[in-house]
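Colleague: I would like to learn how to read a model of this kind, feature by feature. Could we start with how the elements are named?

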Amino acid sequence: MNASDKRIASLLRQIATQDVVELRQEASVAKRVAAQAYVAEQYGFSYGEAWREGHNKSVLAVRLYRDPRPEARAREAAAIAAHPEAGMGGAVPGLKPGTLNPLPEAEAAVAVLKDRIGYDVMAQPTAPSQRRFAYAMIGVVALIFLVMGKWVEALAVSAVLTAFLVGAFRLSDVRRQRIADRLTSAGLTAVTDEHGRTRFLPPGQQLPGHANPFA
């Protein structure tokens, strides 16, 4: 059993015993996590949220919830019937054998999941408090140079760092908006959660509750 099969086996063990499934993998391979989330959805789960964790936020974590709706239960029954060897090295819904790469018919759905995950883990259009903190740090750096009597250096460093921050914030906003446009085109709806964050949900799904995204 290769590494991909082991990940699928671990996922299916969670699916069989838990109402909340969590996936973790290197953030650099987000598409693989999205592919696993797609498999979970074929077994009656629905994507809930995603975040980064670990050293330098290098680990991507995704949480999915068991979907109680009849259509999800029917989807699960169909997946179990069609893929009896899944998790034991056999065929898995929507994936090429022995890999975490989607089959052509699953590519669009995996791409949407990847965008939902990416939208959630990217910094929100940065909160004013975060921006103020970043600019305050520039002020601290400039003050250090001023205390040292280096007026020119203080001005130069402040200008460079400010330009860098403005560009970084703008780039993040643009990337996030592009993802939002793709999700809207895919039929998802933007909603605001209790923390003021924008989330994208497919038709019929609500924001995640403590144990159930449909509560």
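Modeller: Helices and strands are DSSP runs, numbered from the N terminus; a helix has at least four residues and a strand at least two. By that rule Val140 belongs to helix α5, which covers residues 128-147. Keep in mind that this is a predicted model.

Colleague: Is Val140 buried, partly exposed or exposed?

Modeller: The labels follow relative accessible area: buried is under 20%, exposed is over 50%, and partly exposed is in between. Val140 has 41% relative accessibility, so it counts as partly exposed. Val140 also belongs to a nonpolar surface patch, together with Met137, Ile144 and Met148.

Colleague: How much accessible area do Met137, Val140, Ile144 and Met148 have together?

Modeller: About 350 Å² for the four residues together.

Colleague: Now the interior. Which residues of the largest nonpolar core touch the most other members?

Modeller: This core has 31 residues, and those with the most contacts to other members are Ile8, Leu11, Ile15, Leu23, Val62, Leu64 and Ile117. At least two core residues come from each of α1 (3-17), β1 (20-26), α2 (30-42), β2 (45-53), β3 (59-66) and α4 (107-121). The largest share is that of α2, with seven residues.

Colleague: Take Ile8 as an example. What is Ile8 in contact with, leaving aside its neighbours within four places in sequence?

Modeller: Ile8 is in contact with Gln36, Val39, Gly87, Val92, Leu95 and Leu100. Apart from the largest core lies another, of seven residues, including Tyr119, Ala180, Leu188 and Phe200.

Colleague: On to charged side chains. How many salt bridges does a search of the whole structure find?

Modeller: The search finds twelve. A useful one to begin with joins Arg63 to Glu22, with N to O at 2.6 Å. Arg63 sits in strand β3 and Glu22 in strand β1, so this pair ties together parts that are 41 residues apart in sequence. Arg63 is partly exposed, with a relative accessible area of 23%, and Glu22 is also partly exposed, at 23%.

Colleague: Which other residue forms a salt bridge with Arg63?

Modeller: Glu49 does, the closest N and O atoms being 3.2 Å apart. Glu49 is in strand β2 and Arg63 in strand β3, so the pair ties together parts 14 residues apart in sequence. Glu49 is buried, with a relative accessible area of 15%. Beyond single pairs, look for networks: Glu22, Arg24, Glu49, Glu53 and Arg63 are linked in a network of salt bridges.

Colleague: And which residue forms a salt bridge with Asp193?

Modeller: Arg197, with the closest N and O atoms 2.7 Å apart. Asp193 is buried, having a relative accessible area of 7%, whereas Arg197 is partly exposed, at 37%.

Colleague: One more case, Arg178. Where is Arg178 placed?

Modeller: Arg178 lies in helix α6, residues 151-185. Its relative accessibility is 55%, so Arg178 counts as exposed. Distance along the chain and distance in space are separate readings: Arg178 and Asp115 are 63 residues apart along the chain, and their C-alpha atoms are separated by 9.7 Å.

Note on methods. Residues numbered from 1 in each chain as written. Predicted model: local features only at pLDDT ≥ 70, side-chain atom pairs only at ≥ 80, totals over all residues. Heavy atoms only, no water. Core = buried A, V, L, I, M, F, W, Y, C linked by side-chain atoms within 4.5 Å. Buried < 20%, exposed > 50% of the residue type's maximum accessible area, 1.4 Å probe, protein only. Contact = heavy atoms within 4.5 Å. Patch = residues over 30% accessible without salt bridge, like charges linked within 9 Å, V, L, I, M, F, W, Y side chains within 5 Å. Areas by Shrake-Rupley, 256 points an atom, 1.4 Å probe, with all protein chains shown as cover.
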